[in-house]
Structure formats: structure tokens, C-alpha cells
Amino acid sequence: MEKEAYLDLYYQMVLIRRVEEVASQLYQQGKIGGFLHLYIGQEAVSTGLISARKPQDRVITAYRDHGVAINCGIPAKEVLAELLGKATGVSKGKGGSMHMADVSKNFWGGHAVVGAHLPIASGLALGDLYQGNDTVTICMFGDGASNIGYFHEALNLSKVWNLPVLWVCENNQYGMGTAVERASAVSEIRQKALGYDIPNSRVDGMDLIAVREAALDTIQKIRQGEGPYLVEAVTYRYRGHSMGDPERYRKAEEVKKWEENDPIGIYMRFLIAHKIAVESELDEIEARVETEVEEAVQFAESSPEPAPQALFEHVYVEG
Ligand SMILES: Cc1ncc(C[n+]2csc(CCOP(=O)(O)OP(=O)(O)O)c2C)c(N)n1
Ligand SMILES: [Mg+2]
């Protein structure tokens with residue numbers, strides 16, 4: 001990678017962090033309706049992963065999707081406008097936090113029903129295989145989703161049909177308030193891939209470079225026709241499951257311990273240790289992010305709401 005590309009990944013991670021910190025404030029001011037699930041702490045997973053995709057590769061995820069959207073090239077102002085329900089949002093203000101999507105950037109959403117997007121990922125990959133496209137589908141989901149039937153159907157068929165899918169489990173240790181050990185028969189989610197004869201590995205999800213290298217390697221194998229692969233990225237969410245989570249299921253010390261492994265800090269130290277950047281360059285990036293986020297908030301707040309007529313657009317009616 002060129003220096004610029006390394007620095008751009010730093011930009012993306014800091015941008016996700018700042019957009020979500022601001023989103024959390026806007027939520028507390030009552031400006032965001034519905035749920036808001038923050039990705040803070042998990043930024044290295046999607047940033048590393050998506051840095052390894054080619055533009056034709058598809059990305060699909062669950063409801064913790066703001067960071068994934070940004071990594072897929074959705075401008076921060078469209079993410080914030082969507083959160084505020086504005087017509088200029090990435091989903092025209094009708095999707096909100098959990099339903100961001102822009103298929104022109106091969107970002108296939110943003111899905112609220114736990115696990116329901118895994119069969120969709122298999123379907124996307126089947127379509128690509130059938131049409132002979134040189135395309136890999138990257139499907140991200142949580143540890144909790146691996147306990148749901150959809151996960152098992154989708155993995156099974158992906159192997160039976162040798163589909164070009166990279167399954168990525170973001171094991172952030174909890175599904176809502178339930179720890180992995182309490183809900184899953186195996187604590188390493190990657191073990192579930194064994195039941196479907198799908199090769200798999202575990203990676204440190206706090207380390208952008210480790211995630212990126214795992215993704216580069218596995219995406220290449222999948223592209224060559226080797227069939228599906230499952231990567232488990234071990235990570236942690238620093239905030240509650242969604243806004244208003246009292247977090248009675250974990251101790252503040254546990255969160256603190258993981259915060260010492262902040263993915264942005266790890267990547268910053270990597271850039272400096274490898275002499276890719278000096279601190280002042282990273283400060284400058286942080287300042288640029290600050291300006292972009294300020295402008296994005298202004299854009300979102302001053303944007304119009306969808307027109308009443310928009311209620312009748314993009315509605316699927318049979319017949
Ligand atoms: C089918 C279904 N069941 C239950 C829920 C409620 N629910 C929302 S998020 C969630 C936990 C999912 O945890 P995980 O897959 O680990 O994702 P994370 O929130 O940790 O990113 C649950 C049970 C839902 N949205 N859909
Ligand atoms: Mg989880």
C-alpha cells in the first residue's frame with residue numbers, strides 16, 4: 001500500500017468514531033428517531049475488511065451499519081442526514097440508522113432482523129456465480145446472529161453451491177445483554193463453520209492490519225473459486241447495545257480493559273512505529289475529520305424532510 005492509502009484508512013476510522021460520537025449527542029437532543037446502535041470500538045473490523053475489497057465486491061451487514069456505510073464510500077453527510085430522517089440521507093430519510101444502503105457503491109445494507117441478511121448474501125453470491133461475475137460478497141454479522149437458523153441455512157447452501165462469500169462474524173462478546181458463553185454452545189464462533197466444512201480462522205478485530213491481511217488472503221481464495229470462508233473477528237463494542245442500554249450485564253472495568261486496546265490507538269502506533277506517518281500528520285487528519293463532521297452536521301440539520309409525496313415512492317406493490 002502507498003502512504004496515502006494507509007493514511008486514508010486512519011481517516012476512515014477517525015471519521016466513523018467522530019460521526020458516531022456526534023450521532024450520540026444528536027440522539028440525546030431528540031433529533032434522531034428509532035434505534036441507534038453505535039459501532040464505536042469495532043471500527044478496525046469494517047475498515048480493514050472493506051479496504052481489501054475490489055469495487056465490484058458486495059458488502060452487506062446488520063443494523064450496526066454506520067461505519068460500514070462510511071467504509072463503502074457513503075459520505076458522512078449522507079449518513080448523518082439519514083439519521084435525522086432527511087431527504088438528503090443515503091436512504092432518502094426513510095431508512096434511518098438500521099437501513100442505510102447504496103447499491104451503486106455495492107453497499108447492500110443495513111438489515112434490522114438478526115441474521116436475515118445472511119440468506120440474502122448467499123443469494124447475491126449465487127447470482128454472481130450464475131452470471132460468471134468476478135465478484136465476492138462480504139457478509140458481516142454478530143456473534144448473536146450465529147445462533148439463528150438463517151445463519152445455518154445460509155452457510156450450508158454457500159458450501160453446497162460453492163458460493164463466493166466471505167462470512168465475517170464480528171464477535172463483540174455480547175448479543176444485547178447476553179454474553180457469548182451464555183448463548184452459544186461453542187465460544188469460538190468460527191467452530192460453527194466446521195459443521196459445514198467451511199474453512200475458517202480467527203483474527204484480532206482490534207487490529208486493522210491483521211483484519212486487512214486476513215481479508216486480502218481469503219477474498220483472493222474465494223475469487224479464485226475456492227468457495228466460502230468464515231473469518232471470526234474478535235472485537236468489543238465500547239458503548240451499550242443501543243442508546244439507553246443500562247449495561248447491567250458487564251462491569252465498567254471490563255470495558256476499560258478493552259478500551260486500552262482501542263483500534264484507532266493500535267493503528268496510530270503501527271503507523272508511527274513503521275515510519276509511515278509522524279504524529280503531526282495524524283493530528284492534521286484528525287483536524288480534517290473535525291471539519292468534515294461539522295459540515296456534515298450542518299448539512300444534515302439544514303436539509304429538508306422528505307416531501308409528503310415521498311410516502312408513495314419506492315413502495316413495492318404487487319400487480
Ligand atoms: C430475529 C430477531 N430476533 C431478535 C431481535 C432483537 N435483537 C436485536 S439485536 C440483537 C442481538 C444481536 O447480537 P449480535 O448478532 O451479536 O450483534 P451485535 O448487536 O452484538 O452487533 C437482538 C436479539 C431481532 N432484531 N431480530
Ligand atoms: Mg454481538
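1. A good place to start is the pairing of strand S2 (residues 137–142) with S3: the two run parallel and are joined by six bridges. Please keep in mind that this is a predicted model. Within the pair, Gly142 sits opposite Glu170 of S3. To get from S2 to S3, the chain passes through helix H6 (residues 149–160), and this β-α-β crossover is right-handed.

2. S3 also has a partner in strand S7 (residues 229–234), again parallel and again with six bridges. Here Glu170 is worth a second look, as it stands opposite Ala233 in S7, besides standing opposite Gly142.

3. How many of the residues in S3 (residues 165–171) are buried? Seven of its seven are, so the strand is mostly covered, with 20 or more other C-beta atoms within 10 Å as the cut-off for each residue. Val165, Trp167, Cys169 and Asn171 point one way from S3, while Leu166, Val168 and Glu170 point the other way. Both sets are buried, with the charged residue Glu170 among them.

4. Now to the helices. Helix H2 (residues 43–51) and helix H9 (residues 208–226) have axes that come within 7 Å and cross at roughly 40 degrees. The crossing of H2 past H9 is right-handed. On the H2 side, the contact is made by Ala44, Val45, Thr47, Gly48, Leu49 and Ser51; H9 brings Leu208, Ile209, Val211, Arg212 and Ala215.

5. What classes of residue make up the contact of H2 with H9? There are seven nonpolar, three polar and one charged residues. The charged one is Arg212 of H9.

How values were computed:
Residues numbered from 1 in each chain as written. Chains lettered and ligands numbered in written order. Predicted model: local features only at pLDDT ≥ 70, side-chain atom pairs only at ≥ 80, totals over all residues. Buried ≥ 20, exposed ≤ 12 C-beta atoms within 10 Å, placed from the backbone. Helix = DSSP H or I, 4+ residues; strand = E, 2+ residues; numbered from the N terminus. Pairing = 2+ DSSP bridges. Right-handed = clockwise from strand over helix to strand, strands pointing away. Axes fitted to C-alpha atoms, helices over the stretch in contact; angles between N-to-C directions. Left-handed = near helix turned anticlockwise from the far one by under 90°. Contact = placed C-beta atoms within 7 Å.
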